[in-house]
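Please read the following points beside the model. They are set out by topic, beginning with a single side chain and ending with the chain as a whole.

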Amino acid sequence: MKNASNPAAMRRLPGAVLFNSYPLLLDVIEPILRGRAEVAGRATTTAEAARLIETHEPDLLIAGIEAAAHPEAVFALVRETLEKHPGLKVIAFSSSSDRELLAEAFDAGVSALIAPNASPDDIAVAIRQATDPSIHFAPTRLPAPKQHADGAGLTEREIETVRLVAKGLSNAEVGRTLLVTEQTVKFHLSNIFRKLNVSNRTQASRRAEMMNLLDESPDVQAQALAQ
């Protein structure tokens, strides 16, 4: 029988999988969640986090996203899990105030980002609003990534990437040209394939050519020739 005098007591706590590359931060976060979420598992790798989500089918993924710790891998995890579990809500912790990183996090599907100066009550509100919203805020107007006029929403870096791919450069060569890691190149290609609605490098190159995106700027040409 429901306790009409205390409906909050009957509310089921949302299940959560915790992910952070640093075990110490998991030790800090987990006690804060007591009484706010039921922790189904903890992971320090994206592969382990994906496995726990498949096993437990939680309501929440609570993840750490840091600019210095390959955030593109976390964004890929978020996108892949949301495709399989569209009802999953993602709450992220990040000490970064980089607007591009925050925009990419929300683009990947993160529902809420929590700053390091948040209080336990802030975390409780984030969980509640992600799983059972009762307050709706006007969206923060983050500056949109630079886009080519006919680029299907590609950022300038994604356009640079597809131009180099169209030249036949490998991911490693593209990374050296743009001074980024090979994993970052893969992340950009994943976004390019999604935005251009293609499934491989050849199709992306052809679509980019049809959209007149392969006319390189002098800066990109100089970088490519220097390799």
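1. In this predicted model, His 188 touches Arg 157, Glu 158 and Thr 161, if residues up to four places away in sequence are not counted. His 188 itself lies in helix 8, and because its relative accessibility is 10%, under the 20% cut-off, His 188 counts as buried.

2. Helix 6, which spans residues 156–166, is largely enclosed by the rest of the structure, because eight of its eleven residues are buried. The buried residues of helix 6 include the charged residues Glu 158, Glu 160 and Arg 163, and the others on that list are Ile 159, Thr 161, Val 162, Leu 164 and Val 165. Two of the residues touched by His 188, namely Glu 158 and Thr 161, are thus also among the buried residues of helix 6. After helix 6 comes Gly 168, with a positive phi near 95°.

3. How do helix 7 and helix 8 pack, and at what angle? Helix 7 (residues 171–178) and helix 8 (residues 182–196) meet at about 105°, and their axes are 8 Å apart. Helix 7 is therefore roughly perpendicular to helix 8, since the angle falls in the range of 65 to 115 degrees that carries this description. On the side of helix 7 the contact is made by Asn 171, Ala 172, Val 174 and Gly 175, and on the side of helix 8 by Glu 182, Val 185, Lys 186 and Leu 189. Sorted by class, this contact has four nonpolar, two polar and two charged residues.

4. The structure holds one aromatic pair. It is formed by Phe 75 and Phe 187, whose rings are 5.9 Å apart centre to centre with 40° between their planes, an arrangement classed as tilted. The pair links distant parts of the chain, given that Phe 75 belongs to helix 3 (residues 71–84) and Phe 187 to helix 8, with the two positions 112 residues apart in sequence terms. Phe 75 and Phe 187 are both buried.

5. For the protein chain as a whole, there are ten helices and five strands, and buried residues make up 38% of its 227 residues. Among contacts between residues at least 6 apart in sequence, 61% join residues at least 24 apart. The chain exposes about 13,200 Å², of which carbon and sulfur atoms supply 52%.

Technical notes
Residues are numbered from 1 along each chain as its sequence is written. This is a predicted model: local features need pLDDT of at least 70, side-chain atom pairs count only at pLDDT 80 or more; totals for chains, interfaces and linings use all residues. Side-chain values use heavy atoms; hydrogens and water are left out. Axes are lines fitted to C-alpha atoms, for helices over the stretch in contact, and angles run from 0 to 180 degrees between N-to-C directions. Helices (H or I, at least four residues) and strands (E, at least two) are DSSP runs, numbered from the N terminus. Angles under 35 degrees count as roughly parallel, over 145 as roughly antiparallel, 65 to 115 as roughly perpendicular and the rest as oblique. Contact means heavy atoms within 4.5 Å. Buried means under 20% relative accessible area, exposed over 50%, partly exposed in between (1.4 Å probe, protein chains only). Accessible areas come from the Shrake-Rupley method with a 1.4 Å probe; for residues, only the protein chains shown count as cover. Rings of Phe, Tyr and Trp (its six-membered ring) pair if their centres lie within 6.5 Å; planes under 30 degrees apart count as stacked, over 60 as edge-to-face and the rest as tilted.
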